Amino acid sequence: MTKETGQRHPIRIYLVVWGLLFLVSALSYSTDFLDRGFWRWTLILLFMVLKAGFIVAVFMHMRWERLALMSVVLVPPVLLMVLVGLMTIESDYTRSMRIEHFETAIPGEAMPVVEREIRNRRPD
Amino acid sequence: MKTISEARGTLVTTLADDWGSDIATLKGVPWGKVMMWVFLVSDTFIFTCFLVGYMSVRMSTIEPWPNPSEVFALHAFGVSVPLLLIAIMTFILISSSGTMAMAVNMGYQRRKKAATNLILVTALLGAMFVGMQAFEWSKLILDEGVRPWTNPFGAPQFGAVFFMVTGFHGLHVSAGVIYLLTIAFRIRRGKYDESDFEIVEISGLYWHFVDLVWVFIFALFYLW
């Protein structure tokens, strides 16, 4: 390939991002000491997105690429959010059916109890 | 312009010619790098399917989901530290991403020796990661009795998700270690001396992707 290709950047930026990744990972690990609730889930997602952003933007050089390549790589995964949305609705429904027909629902800590589930629960 | 019958005579050559004709939509991006990115996007879809499947079973189960920070706790210094091994694995993988980024940098500076050594360090850290994962699996299978269809902690789907997601990721790391060793060996043999060492960046993309997937697994499976 020609001399213009390839990502050449000062070493400093890699070291800075490397350090930041360690820091964010430590913060991410510390969320395990929080109770399962709004703040724990928000912080987990925040640190996850930060780490992923650092890796893709700097280590994988995405921030220096042209828009043509950025869109090839970054747009399709965004569409996957549709799948996430659909499956949320679907599993919510499955759960409500299981509660209605098997009843042995134990108020688990896994997921916040959705309103429909309460609505669908048979009166004691 | 070749006719179809002419082209048929040299089927393999036309295939290579057509796909390798360098129609530069992605300007200044080496062909191999485009291919690696396309592969990584498809791999993103595979891992998303696993994670969405995990989300579905976890949301729809009416049995309590096992608490990962207890399941993966490790006894060290007389106390039970939650997710200790997983945290160490996370830091090892991040370290390896850093050494890989440095290798790419050294490659473009044509410092072959430094690039090769950094790739070898990356591969070593990757191998350490796989080793720790093997330890974690054997602990869960032999000591705790976790199976893809059952486990002593709660929702039976836990085992299926755990083995599928971490197993597939571990497979990627193992493949990456072999890939990196191959590249290091070929750099040392002088196979890329004519080039600009973009091969280091290409293999680096794969390695960073493996680290990237772990970020999501760590957050969504181990911490959630």
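**Exercise 1. Chain A**

Of the 124 residues of chain A, what percentage count as buried?

*Solution.* Start with the source. This is a predicted model, in which local features need pLDDT of at least 70 and side-chain atom pairs count only at pLDDT 80 or more, while totals for chains, interfaces and linings use all residues. Residues are numbered from 1 along each chain as its sequence is written, and chains are lettered from A and ligands numbered from 1 in the order in which they are written.

Next, the cut-off. A residue is buried if 20 or more other C-beta atoms lie within 10 Å of its own, exposed if 12 or fewer, and partly exposed in between, with C-beta atoms placed from the backbone. By that rule, 18% of chain A is buried.

Now the elements. Helices (H or I, at least four residues) and strands (E, at least two) are DSSP runs, numbered from the N terminus. Chain A has four helices and zero strands. The order from the N terminus is α-α-α-α.

**Exercise 2. The side of chain A that touches chain B**

Find which helix supplies the largest share of this side.

*Solution.* Two residues are in contact if their C-beta atoms, placed from the backbone, lie within 7 Å. Chain A brings 51 residues to the contact and chain B brings 47. In chain A, helix H1 (11–30), helix H2 (38–59) and H3 each supply at least two residues. H3(A) gives the largest share, 19 residues.

Then sort by class. Ala, Val, Leu, Ile, Met, Phe, Trp, Tyr, Cys and Pro count as nonpolar, Asp, Glu, Lys and Arg as charged, and the others, Gly among them, as polar. The side of chain A holds 30 nonpolar, 11 polar and 10 charged residues.

For the prediction of the complex, the predictor gives an ipTM of 0.84 and a pTM of 0.85.

**Exercise 3. H3(A) against H3(B)**

Classify the packing of these two helices.

*Solution.* Axes are lines fitted to C-alpha atoms, for helices over the stretch in contact, and angles run from 0 to 180 degrees between N-to-C directions. H3(A) spans residues 67–102 and H3(B) residues 31–60; their angle is about 15° and their axes are 9 Å apart. Angles under 35 degrees count as roughly parallel, over 145 as roughly antiparallel, 65 to 115 as roughly perpendicular and the rest as oblique. H3(A) and H3(B) are therefore roughly parallel. Their contact has 15 nonpolar, seven polar and four charged residues.

**Exercise 4. H3(B) against H7(B)**

Repeat the classification inside chain B.

*Solution.* The axes of H3(B) and H7(B) come within 10 Å and cross at roughly 170°. The pair is therefore roughly antiparallel. From H3(B), the contact uses Phe50(B), Tyr54(B) and Val57(B). From H7(B), it uses Gln157(B), Val161(B), Met164(B), Val165(B) and Phe168(B). By class that is seven nonpolar, one polar and no charged.

Check confidence too. pLDDT is the predictor's confidence in each residue, from 0 to 100. Among the elements of chain B, helix H7 (residues 157–188) has the highest mean pLDDT, 96, and helix H1 (residues 4–9) the lowest, 54. The mean for chain B is 90, with 94% of its residues at 70 or more.

**Exercise 5. Met106(B)**

Decide: is Met106(B) buried or exposed?

*Solution.* Locate Met106(B) in helix H5 (residues 84–108) of chain B. Count its C-beta neighbours inside 10 Å: there are 21, so Met106(B) is buried. Leave aside neighbours within four places in sequence; its contacts are then Arg111(B), Ala114(B), Ala115(B) and Leu118(B).
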